Amino acid sequence: MINDFATAAQATMSYLRHRLGFKLWMVTRTEGDDWIVLFADDAGYGIKAGQAFRWTDTICSRMVLGHGPNIAPATADVAAYAEAPLARQLGIGAYVGVPLHRTDGSLFGTLVGLDPQARDKEIREELDTVTLLADLLGAVLNAELNAGDAVRQAERIGADATRDGLTGLYNRRGWDMLLQREEERCSRYGHSACVVSIDLDDLKFINDAQGSASGDALLMRTARALEGVTRGSDVVARLGDDEFGMLMVECDYFDAQAMLLRVQEALAAADVRASLGMAMRKAGYDLEEAFAMADAEMYRAKRSRKVLN
């Protein structure tokens, strides 16, 4: 029974392999400069799900721009396709590609078939079939994507028992749980995401000099400042005594930079001194690895602040 995007993608690729016989079928995601392989049915190219290529190197990028047809029986006969770096790298003799769109009309990715050998021109007659399958696959995809906010909301409600008693933010257990759930979505749909590691500079000093009540007030100001600049779909957590984490979902690099600036401004307005590190989740490493990178950047920033002081 086909009731989710992953199953629909596998069924679509399997059907097209038997009907058209191409060596490689893929469902891909375009995200920034990346062309991410979400699912692959491969019998010769060695391509696996999770691999990423440069979008502008692909034949699909040229197809989307209208520089060539959806079906090219011989890519050598289409100048824009023959010149694509990935066509030369992989040895693509024949190509089939159809865009996958989101509900708002924006490009999500492509359904694509590649073969090392050129094919007969009659294969062009299969365009209606491939387009229909892509449209059906897109409908399943968009049903899942459109339900994403409701799914996240349910996850947040389920994680309410993992709140930090002082700040009301998620604690380490809640953070780990929600990070894992978001990683599953990122892996499934090729979403990008941003993680931020935050460490307060003055908590120990304030606790020692002014007492724990002042330290608690600092933690509360930090929590409210971070919550004030995040969206309902994002996650803010207190991970330790003076450590905080932020997860911004479906967030590209430019959105992440703007968010980081708002975080810095909010902390400064709340009279909170902190060291921050940010990293993007991209194809090739998961959210846990991205957060380790953000943590390392945060510690570099903290050491630099100590040297300057």
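**A walk around helix H9 and a ring cluster**

Start with the buried residues of helix H9: among the elements covering them are strand S7 (193-200), helix H8 (203-210), strand S8 (235-238), strand S9 (243-249) and helix H10 (253-269). Keep in mind that you're looking at a predicted model.

Now select H9 itself, residues 212-228. From first C-alpha to last, its 17 residues reach 24 Å, close to the 24 Å expected at 1.5 Å a residue.

Next, colour Gly 215, Leu 218, Leu 219, Thr 222, Ala 223, Ala 225 and Leu 226, the buried residues of H9. Why do they sit on the same side of H9? They cover an arc of only 165° around the axis, so they end up on the same side. Spin to the face turned away from that buried side and you'll find the exposed residues Ala 213 and Gly 228.

Time for some rings. The model has 8 aromatic pairs. Pick Phe 5 and Phe 39: this pair is edge-to-face, with 5.5 Å centre to centre and 75° between the planes. Phe 5 belongs to helix H1 (residues 5-20) and Phe 39 to strand S2 (residues 34-42), so the pair ties together parts 34 residues apart in sequence. Both residues are buried.

Keep Phe 5 and add Phe 108, another edge-to-face partner, at 6.4 Å centre to centre and 90° between the planes. Phe 108 is in strand S6 (residues 107-115), so this pair ties together parts 103 residues apart in sequence. Phe 108 is buried too. Add Tyr 189 to the selection: ring pairs link Phe 5, Phe 39, Phe 108 and Tyr 189 into a cluster.

Last stop: Arg 163, which lies over the face of Tyr 170, 3.9 Å from the ring centre.

Terms used
Residues are numbered from 1 along each chain as its sequence is written. This is a predicted model: local features need pLDDT of at least 70, side-chain atom pairs count only at pLDDT 80 or more; totals for chains, interfaces and linings use all residues. Side-chain values use heavy atoms; hydrogens and water are left out. Helices (H or I, at least four residues) and strands (E, at least two) are DSSP runs, numbered from the N terminus. The expected span of a helix is 1.5 Å times one less than its number of residues. Buried means under 20% relative accessible area, exposed over 50%, partly exposed in between (1.4 Å probe, protein chains only). The arc is that of the directions from the helix axis to the C-beta atoms. Contact means heavy atoms within 4.5 Å. Rings of Phe, Tyr and Trp (its six-membered ring) pair if their centres lie within 6.5 Å; planes under 30 degrees apart count as stacked, over 60 as edge-to-face and the rest as tilted. A charge sits over a ring if NZ of Lys or CZ of Arg is within 6 Å of the ring centre and within 35 degrees of the ring normal.
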